[in-house]
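Hi everyone, thanks for making time today. I'd like to walk you through a structure that may be new to you, so settle in and have a look at the screen.

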Amino acid sequence: MASSQCCDNPPALNPASGEGKVVDSFGGLKAYVAGPEDSKAAVVLVADVFGFEAPILRRKIADKVASSGYFVVVPDLFHGDPYVPENGKPFPEWLKSHTPEKGFEEAKPVIAALKEKGVSAVGAAGYCWGAKVVVELAKAHEIQAAVLLHPSLVTVDDIKEVKCPISILGAEIDKMSPPELVKQFEQVLSVNSGVGHFVKIFPGVAHGWSVRYSHDDAAAVKSAEEAFADMLDWFNKNLK
């Protein structure tokens with residue numbers, strides 16, 4: 001996980017970005033929320049190491065999922081301490097105090113809070129670090145649909161234990177989850193006939209492509225929009 005790919009193209013964080021709002025406590029965590037409060041279907045988005053203030057995650061992903069009728073929650077699982085390369089703290093050291101296992105435990109009350117609101121179907125999508133949190137939720141049967149985008153730290157053994165429909169969107173150029181590993185994930189899911197799955201490897205893109213890209217790069221925007229469409233399609237099939 002010490003690969004620089006996890007930390008490439010850091011976003012310019014903006015606490016005010018997005019059409020939704022930031023609440024001080026949703027399931028005990030500060031969170032960005034968007035979409036109809038009375039929706040029976042919700043989506044939890046679990047950020048990469050750069051956290052919940054990333055403008056693309058909010059404006060191009062959370063707000064767009066919300067506009068499709070979902071109540072969307074982007075929890076601050078880093079408690080105001082996302083990875084900031086300029087701070088000089090080595091990435092492995094930061095990761096020790098921000099493990100995905102801890103993120104999984106803290107995400108469970110968020111899902112409980114959604115159910116208390118009357119939500120009957122919850123999906124979750126995780127980016128890089130966040131994908132490990134989401135696969136843990138899928139293993140624990142906490143959610144009804146999962147999407148992993150360029151996952152980090154996810155193993156074949158994790159995939160064997162998934163209990164809900166899962167979509168895995170991988171990158172051709174990815175040291176964290178190279179195409180060979182993503183294909184192994186697909187083989188495991190093909191054997192597990194009880195779990196619906198969709199697996200795709202996007203050509204010509206690198207780890208992080210779906211949430212960290214330049215708006216000036218037409219090809220990058222197109223690939224990210226395709227990943228978004230695949231994610232939304234998976235939720236529409238499994239949550240509505």
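Let me begin with a term: helices here are DSSP runs of H or I with at least four residues, numbered from the N terminus. Please also keep in mind that this is a predicted model.

With that term in hand, let's look at helix α5, residues 156-160. Aspartate 157 and lysine 160 are about one helical turn from each other because they sit three residues apart in this helix. These two form a salt bridge, with their closest N and O atoms 3.7 Å apart. Are they buried or exposed? Lysine 160 is exposed, at 51% relative accessible area, while aspartate 157 is partly exposed, at 49%.

How many salt bridges does the whole structure have? The search finds 12. Let me show you another one, in helix α7, where lysine 237 and aspartate 233 are four residues apart, again about one turn of the helix. Their side chains meet at 3.2 Å, N to O. Lysine 237 is exposed, with a relative accessible area of 58%, and aspartate 233 is partly exposed, with 36%.

Now over to helix α4, where lysine 139 and glutamate 136 lie three residues apart. They share a salt bridge of 3.1 Å, N to O, and here both residues are buried. They also belong to a network of salt bridges that links Lys132, Glu136, Lys139 and Asp158.

Just along from there, glutamate 142 lies in the loop between α4 (129-139) and β6 (145-149). Leaving out residues up to four places away in sequence, glutamate 142 touches Lys108, Ile111, Lys115 and Leu137.

Here is a charged residue with another story: aspartate 76, in the loop between β4 (71-75) and α2 (91-96). Aspartate 76 is buried yet has no salt bridge, and the nearest side chain of opposite charge, lysine 30, is 6.1 Å away. What does the side chain of aspartate 76 reach? It reaches the backbone nitrogen of histidine 79, at 3.2 Å. Beyond its neighbours within four places in sequence, aspartate 76 is in contact with Leu29, Lys30, Ala31 and Phe52.

Last stop, the largest pocket, which holds about 210 Å³ of space. It is lined by 16 residues, and those closest to its centre are Val205, Ala206, Trp209, Arg212 and Ala220. The elements giving two or more residues to that lining are β8 (197-206) and α7 (218-239).

That's my tour, and I'm happy to go back to any part of it.

How values were computed:
Residues are numbered from 1 along each chain as its sequence is written. This is a predicted model: local features need pLDDT of at least 70, side-chain atom pairs count only at pLDDT 80 or more; totals for chains, interfaces and linings use all residues. Side-chain values use heavy atoms; hydrogens and water are left out. Contact means heavy atoms within 4.5 Å. Buried means under 20% relative accessible area, exposed over 50%, partly exposed in between (1.4 Å probe, protein chains only). Lys and Arg count as positive and Asp and Glu as negative; His and the chain ends are not counted. A salt bridge is a side-chain nitrogen of Lys or Arg within 4 Å of a carboxyl oxygen of Asp or Glu. A polar contact is a pair of N or O atoms within 3.5 Å; within protein, one must be able to donate a hydrogen and the other to accept it, and residues adjacent in sequence count only if both atoms are side-chain atoms. On a 1 Å grid over the protein atoms alone, a cavity is a set of points where a 1.4 Å probe fits but cannot get out, and a pocket is an open set with protein on both sides within 12 Å along at least five of seven lines; lining residues have an atom within 4 Å of a point. Grid points are joined across faces, edges and corners, and a volume is the space filled by probe spheres set on the points.
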